[in-house]
Amino acid sequence: MKYLFVALCCMVVLLLIWINRVRKSEAELKKPILHLLWLAVFMVVIKGIFLICENRITATLAIGCYYSGIDWLLIVLLSYEEAYTQIFRGNKVFKRVTYGLAALDSLSMFLNVFFGHIFVVVQHVYSDGYDEWSIIRSTVPFTLHLVFTYVLVILCVSLLVEKTVRTPATYRRKYLVVLILLLITVVVNGICMLAKSPYDISVFFYCALGIQMSYYSLFYNPKGLIDSTMALVVADISDAVFCFDIRGKCVYTNKMVGEYFGSDTNFDVVNLMFEDRIKEYSKSEQESAQYKVQREMDGKLRFFDVSYHKLSDKKHRYIGCFFTLRDRTEEIEKFKEEHYRLSHDKLTGLFNREYFFEAVEKVLAANPDVEYTMVCSNIKGFKLYNDLFGEKKGDEVLKMEAELLMQNAGDNTVYGRISGDEFAILVPTKLFTPDIFIHNINLLKERFNSSQYQMHIYIGIYEIHDKTEPVSVMCDKAKLAIESHRGDYNAVVTSYDKKLLAKSLYERKIVGEFDRALERDEFCMFLQPQIASDGRVLGAEALVRWQHPERGLVFPGDFIGVFEKTGLIYRLDRYMWEQAAKKLREWKDTGKEDMHISVNISAKDFYHMDIYRELTGLVEKYDIAPENLKLEITETALMTEMKNQADLLGRLREFGFRIEIDDFGSGYSSLNMLKNIDVDIVKIDMGFLDKTERLERGESILNSIILLIKNLGMGVITEGVETREQVDSLLGMGCNMFQGYYFAKPMTIEMFEEKYK
């Protein structure tokens with residue numbers, strides 16, 4: 001008996017240690033398992049008390065608690081199995097009935113101490129002085145207790161049997177072991193019952209059952225599950241996997257290897273692929289490594305990312321390795337395709353503007369000792385070609401020009417399309433031959449010239465001296481060379497030189513000074529009188545001068561063209577309009593309402609502001625007669641979007657403004673314009689006669705033009721009149737308004753007012 005008591009004490013210690021370990025777990029089943037283990041401790045302690053107690057009542061109470069504890073142990077076990085197997089979920093009625101019966105059985109066991117209706121405990125004393133307790137059970141009441149107990153046992157066994165049968169083989173062991181141990185416990189308990197022995201050793205089996213169940217629930221990971229899971233993961237992974245043993249022999253490949261390299265790939269071929277890497281890595285301390293490989297397969301180059309991983313045992317001894325290959329071919333091809341779209345012009349296949357600049361920077365940096373030349377090309381009037389023949393035909397021109405560039409490109413040459421019809425080429429200076437470009441231009445002309453359109457392509461050259469300056473500036477300098485010979489059809493190729501540099505710097509300087517000059521009223525209005533045939537001063541044309549603080553008086557020819565090119569002209573025009581309106585208001589206040597001032601409207605004014613609103617606003621602001629603020633518009637400014645311009649001029653005339661056409665005869669469609677646009681005055685420059693050596697014929701044409709204009713009900717004014725003979729000739733033709741040096745040069749407002757007061 002004392003050995004049994006010692007065993008029970010050891011069991012209590014073991015259970016407490018195990019309970020402490022279970023308490024540290026974070027598993028969902030921790031709570032029912034702890035209840036189960038604490039009940040096991042309770043039963044072991046009660047069993048120990050029964051063995052050592054000498055009082056019959058105490059012994060009876062202890063064994064009653066033991067029988068009652070079995071009931072509650074089985075109830076907790078059933079509750080645990082519900083969560084463990086996820087098969088059966090008893091409803092609330094079932095649980096209440098079970099708990100109620102267990103409570104009644106426990107109460108009956110307690111009352112047994114007084115009534116002995118279930119069992120009685122009798123002490124036997126042997127001849128050697130040894131004594132022990134024996135249990136005499138009542139048949140009917142104890143049978144009811146057993147029926148309740150074994151119903152719970154059957155439910156517990158049934159759940160485990162069903163789960164064991166239904167679960168996959170990988171998980172079956174964790175349920176099967178618990179089932180077997182439960183059956184052994186029940187059998188041992190039954191044997192002890194039949195033998196009527198007070199030494200019921202099934203308590204040890206109940207404790208073992210609790211420990212075993214907690215182990216499988218909380219800590220056990222079946223090796224088969226891990227192996228099966230890993231096998232499935234490796235088999236279905238999107239990377240190719242190669243496993244090698246300690247000898248460097250391939251022992252396993254997954255199905256992706258076949259998809260990558262073909263189903264006929266064998267281990268010998270695989271061994272050769274990785275042989276050198278295995279030798280290198282197995283001798284090093286590297287646990288893993290990554291590298292890239294490319295391999296030609298079925299005539300196509302494929303790209304792979306490779307990962308190496310060393311396999312070691314618990315003592316860190318090398319036992320093998322495995323490689324994974326990820327096919328990045330599609331990803332790389334998509335990247336290359338996307339990069340091509342971002343870096344190349346869609347139409348021509350040349351570098352686009354941004355990537356051309358980037359590529360040029362790289363070439364210049366990589367070849368510091370090589371001299372380079374930047375070459376830019378531009379097609380004159382390419383928009384007109386598109387308008388005449390359509391964009392599809394225009395695209396053919398651009399594609400052919402791009403093909404010619406690529407055919408003649410040598411080493412370290414970069415070429416690109418930097419805008420609509422502008423191409424740029426970076427070429428080593430020693431390889432640059434203008435004749436090649438002239439030959440290409442002639443090929444394009446032969447292909448696309450027609451009776452309607454004669455193609456003119458200009459080439460600008462800039463020899464690079466400072467490789468650190470922005471590539472965009474290099475292109476601008478080459479394009480500046482193109483601008484310098486526009487209109488000269490014989491000058492196909494022009495180089496950038498110091499004169500162009502000086503001109504460029506000058507233009508940048510005056511553009512930079514524009515805002516300051518406007519704020520400080522440095523732009524001043526000069527007036528050139530307009531004279532009637534009887535000598536009366538009708539008014540004047542407003543002409544701008546720049547009273548520069550450093551360079552003195554600057555004439556329009558030095559800045560008007562720059563402001564037109566840079567888009568600043570509209571701001572200067574608006575400023576001059578307001579100066580004229582102010583002066584007309586002053587004249588009105590001094591009784592000179594019969595005088596007018598003519599102001600110029602530039603072609604770009606139509607695109608940058610609402611001309612009608614600006615001019616009518618000035619008339620209303622200064623309360624002047626609109627007919628005194630005459631509007632001069634050049635013939636070329638009216639040629640674009642003629643219908644819109646005609647509508648605008650009609651609205652201005654309706655408001656009261658008088659419209660003058662300036663530089664009549666300089667365009668190609670002068671007569672057509674007279675037919676479509678209503679104006680008040682046509683202004684003819686006497687320079688018209690200087691353009692021909694056949695003076696008499698020119699005068700005849702001029703006479704006809706003046707007659708035509710007067711017949712259309714318009715007035716005529718001639719400018720540039722410099723001699724008395726010209727005045728007499730024009731009077732004979734019927735012209736009665738003049739402007740020119742013969743009468744007066746442009747003068748300051750003060751001089752004008754003093755002279756014609």
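# Rings, charges and turns in a predicted model

Arginine 651 lies over the face of tyrosine 612, at 4.1 Å from the ring centre. The model shown here is predicted. A second arginine sits in a comparable way: arginine 277 lies over the face of tyrosine 291, 3.6 Å from the ring centre.

Next come contacts between rings. The whole structure holds 31 aromatic pairs. One of them joins phenylalanine 110 to phenylalanine 114, in an edge-to-face arrangement. Their centres are 5.8 Å apart, and the planes meet at 75°. Both residues belong to helix α4, which spans residues 92–115. They are 4 residues apart, about one turn of the helix. Phenylalanine 110 is partly exposed, at 42% relative accessible area. Phenylalanine 114 is exposed, at 58%.

Phenylalanine 655 and phenylalanine 657 make a stacked pair, because their planes are at 20° and the cut-off for stacking is under 30 degrees. The ring centres of phenylalanine 655 and phenylalanine 657 lie 5.6 Å apart. Phenylalanine 655 is partly exposed, with a relative accessible area of 28%. Phenylalanine 657 is buried, at 2%. Elsewhere, ring pairs link Phe242, Phe244, Phe274, Tyr281, Tyr308 and Phe323 into a cluster.

Return to helix α4 for a surface feature. A nonpolar surface patch of about 990 Å² is made by Leu61, Val93, Val97, Leu101, Leu104, Leu107, Phe110, Leu111, Phe114 and Phe115. The helix α4 gives the most to this patch, with 9 residues. The edge-to-face partners described above, Phe110 and Phe114, are among the patch residues. Leucine 107 also lies in helix α4. Leucine 107 is partly exposed, at 47% relative accessibility.

Now the charged pairs. A search of the whole structure finds 35 salt bridges. In one of them, aspartate 305 meets lysine 292, with the closest N and O atoms 3.0 Å apart. This pair links distant parts of the chain. Aspartate 305 is in strand β6 (residues 300–312), lysine 292 is in strand β5 (residues 288–297), and 13 residues separate them. Aspartate 305 is partly exposed, at 23% relative accessibility. Lysine 292 is exposed, at 62%.

Another salt bridge stays within a helix. Arginine 724 and aspartate 728 meet at 3.1 Å, N to O. Both lie in helix α26 (residues 724–733), 4 residues apart, about one turn of the helix. Arginine 724 is partly exposed, with a relative accessible area of 41%. Aspartate 728 is also partly exposed, at 41%. As for networks, salt bridges that share partners join Lys292, Asp305, Arg328 and Glu331 into one.

Aspartate 623 brings together a salt bridge and a backbone feature. The side chain of aspartate 623 meets that of lysine 588 at 3.3 Å, N to O. This pair too links distant parts of the chain, 35 residues apart. Lysine 588 is in helix α19 (residues 569–589). Aspartate 623 is found in the loop between α21 (611–622) and β17 (629–634). Lysine 588 is partly exposed, at 25% relative accessibility, and aspartate 623 is partly exposed, at 45%. Aspartate 623 has a positive phi of about 50°, although it is not a glycine. Aspartate 521 also has a positive phi, of about 55°, and it is not a glycine either. Aspartate 521 sits in the loop between α17 (498–519) and β13 (523–532).

The last stop is a hairpin, with a look at two loops. Strand β9 (residues 414–417) and strand β10 (residues 423–428) run antiparallel, joined by 4 bridges. The hairpin that β9 and β10 form has 5 residues between the strands. Arginine 417 has phenylalanine 423, in β10, as its bridge partner. Isoleucine 418 is found in the loop between these strands, β9 and β10. Isoleucine 418 counts as buried because its relative accessible area is 5%, and the cut-off is under 20%. The C-alpha atoms of isoleucine 418 and phenylalanine 357 are separated by 9.1 Å, with the two residues 61 apart along the chain.

Serine 238 lies in another loop, between α8 (223–236) and β3 (240–244). Serine 238 is partly exposed, at 48% relative accessibility. The C-alpha atoms of serine 238 and threonine 324 are 9.7 Å apart, although 86 residues separate them along the chain.

Conventions. Residues numbered from 1 in each chain as written. Predicted model: local features only at pLDDT ≥ 70, side-chain atom pairs only at ≥ 80, totals over all residues. Heavy atoms only, no water. Pairing = 2+ DSSP bridges. Phe/Tyr/Trp six-rings, centres within 6.5 Å; stacked < 30°, edge-to-face > 60°. Buried < 20%, exposed > 50% of the residue type's maximum accessible area, 1.4 Å probe, protein only. Lys NZ or Arg CZ within 6 Å of the ring centre and 35° of its normal. Patch = residues over 30% accessible without salt bridge, like charges linked within 9 Å, V, L, I, M, F, W, Y side chains within 5 Å. Areas by Shrake-Rupley, 256 points an atom, 1.4 Å probe, with all protein chains shown as cover. Salt bridge = Lys/Arg side-chain N within 4 Å of Asp/Glu carboxyl O.
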